[in-house]
Amino acid sequence: MTFQDIFKSSFLDNVTSINLLDMTLALILAFGIGMCIFFVYKKTFSGIIYSSSFGVTLVALTMITTLVILAVTSNVVLSLGMVGALSIVRFRTAIKEPLDIAFLFWSIAVGIVLAAGLIPLAVIGSMAIGAFLLVFVNRKSHVNPYIIVIHCTGQNSERKAAEYIKQQVKRFVIKSKTVQKGAVEINAEIRLKNDNTEFINTLADMEGVEHAVLVSYNGDYMG
């Protein structure tokens, strides 16, 4: 076999099967929309610790998906091999926030749609998804649940504190109650009427209330 026979395969023929201009345009659009996804993720992040590497991953995932789908659409045999190769990939990183799954699927979907040549669908769809997330995720903070912990010296002070809290908040639900001799501890979930939390100061100054603690609760809520 000569050197010339080696390059008589269909490998070099497949190089010209993908238009260089289309590939460049698809990758540029993938980068641009990926940056928009990164921006929406940054604006809607509500977790404890912000991870900038996850935002970069969203941009890279959009471009990588576009690159893979471009290769798959140019060769049927390659598409079958790609399915087998991707079937052995295992992702070990745990997704802590449920909303992060939506961003991952958004990046993958944009990459697939761009590589398929459906540019208007990718652009308009991303604008609609981004607007939806910005509106519904960045809601006012007073609708979030809070946990209030109250330490009282007796039943009378407990009753007065509970009545005062019900007047100041939109919702008051007792989650737990611990009673000892001369001491009552109440853990309750509340929903604020507005962003004002000054009622905690007044509550702590009430007679029979030793101290009051207000904690923002960002966990899963059922009810």
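**Figure 1. The salt bridge between E158 and K177.** In this predicted model, E158 is a buried residue, with a relative accessible area of 11%. That value falls under the 20% limit for buried residues. The side chain of E158 meets the side chain of K177 in a salt bridge, with 2.8 Å from N to O. E158 belongs to helix α8 and K177 to strand β2, so the salt bridge ties together parts that lie 19 residues apart in sequence. K177 has a relative accessibility of 44% and therefore counts as partly exposed. The pair thus joins a buried residue, E158, to a partly exposed one, K177.

**Figure 2. The network of K175, E189 and R191.** K175 and E189 form a salt bridge in which the closest N and O atoms are 3.7 Å apart. Because K175 sits in strand β2 and E189 in strand β3, this pair ties together parts that are 14 residues apart in sequence. K175 is exposed, at a relative accessible area of 51%, whereas E189 is buried, at 4%. E189 also meets R191 through their side chains, in a salt bridge of 3.7 Å from N to O. R191 is buried, with a relative accessible area of 17%. Through shared partners, the salt bridges join K175, E189 and R191 into one network. A search of the whole structure finds 3 salt bridges.

**Figure 3. The largest nonpolar core, with I148 and its contacts.** This core has 20 residues. Within the core, the residues with the most contacts are I148, I165, I190 and L203. At least two core residues come from each of these elements: β1 (145–152), α8 (155–168), β2 (169–180), β3 (183–192), α9 (199–205) and β4 (209–216). Strand β3 gives the largest share, 5 residues. Apart from residues up to four places away in sequence, I148 touches I165, I186, N187, A188, I190, I200, L203, V213 and L214.

**Figure 4. F54 and a second nonpolar core.** Separate from the largest core is a second one of 14 residues, which includes A30, F54, V110 and L114. F54 is part of helix α4, residues 52–74. With a relative accessibility of 15%, F54 counts as buried. When its neighbours within four places in sequence are set aside, F54 is in contact with Y41, D100 and L104. One of these partners, D100, is 46 residues from F54 along the chain, and the C-alpha atoms of the two are separated by 9.0 Å.

**Figure 5. Helix α3 and its buried residues.** Helix α3 covers residues 20–44, which makes 25 residues. From its first C-alpha to its last, helix α3 reaches 36 Å, close to the 36 Å expected at 1.5 Å a residue. Which residues of α3 are buried? They are A26, A30, I33, G34, I37, F38, V40, Y41 and T44. An α-helix has 3.6 residues a turn, so residues three or four places apart point the same way. Two of the buried residues of α3 also appear in the previous view: A30 is included in the second core, and Y41 is in contact with F54.

How values were computed: Residues are numbered from 1 along each chain as its sequence is written. This is a predicted model: local features need pLDDT of at least 70, side-chain atom pairs count only at pLDDT 80 or more; totals for chains, interfaces and linings use all residues. Side-chain values use heavy atoms; hydrogens and water are left out. Helices (H or I, at least four residues) and strands (E, at least two) are DSSP runs, numbered from the N terminus. The expected span of a helix is 1.5 Å times one less than its number of residues. Buried means under 20% relative accessible area, exposed over 50%, partly exposed in between (1.4 Å probe, protein chains only). A nonpolar core is a set of buried Ala, Val, Leu, Ile, Met, Phe, Trp, Tyr and Cys residues joined through side-chain atoms within 4.5 Å. Contact means heavy atoms within 4.5 Å. A salt bridge is a side-chain nitrogen of Lys or Arg within 4 Å of a carboxyl oxygen of Asp or Glu.
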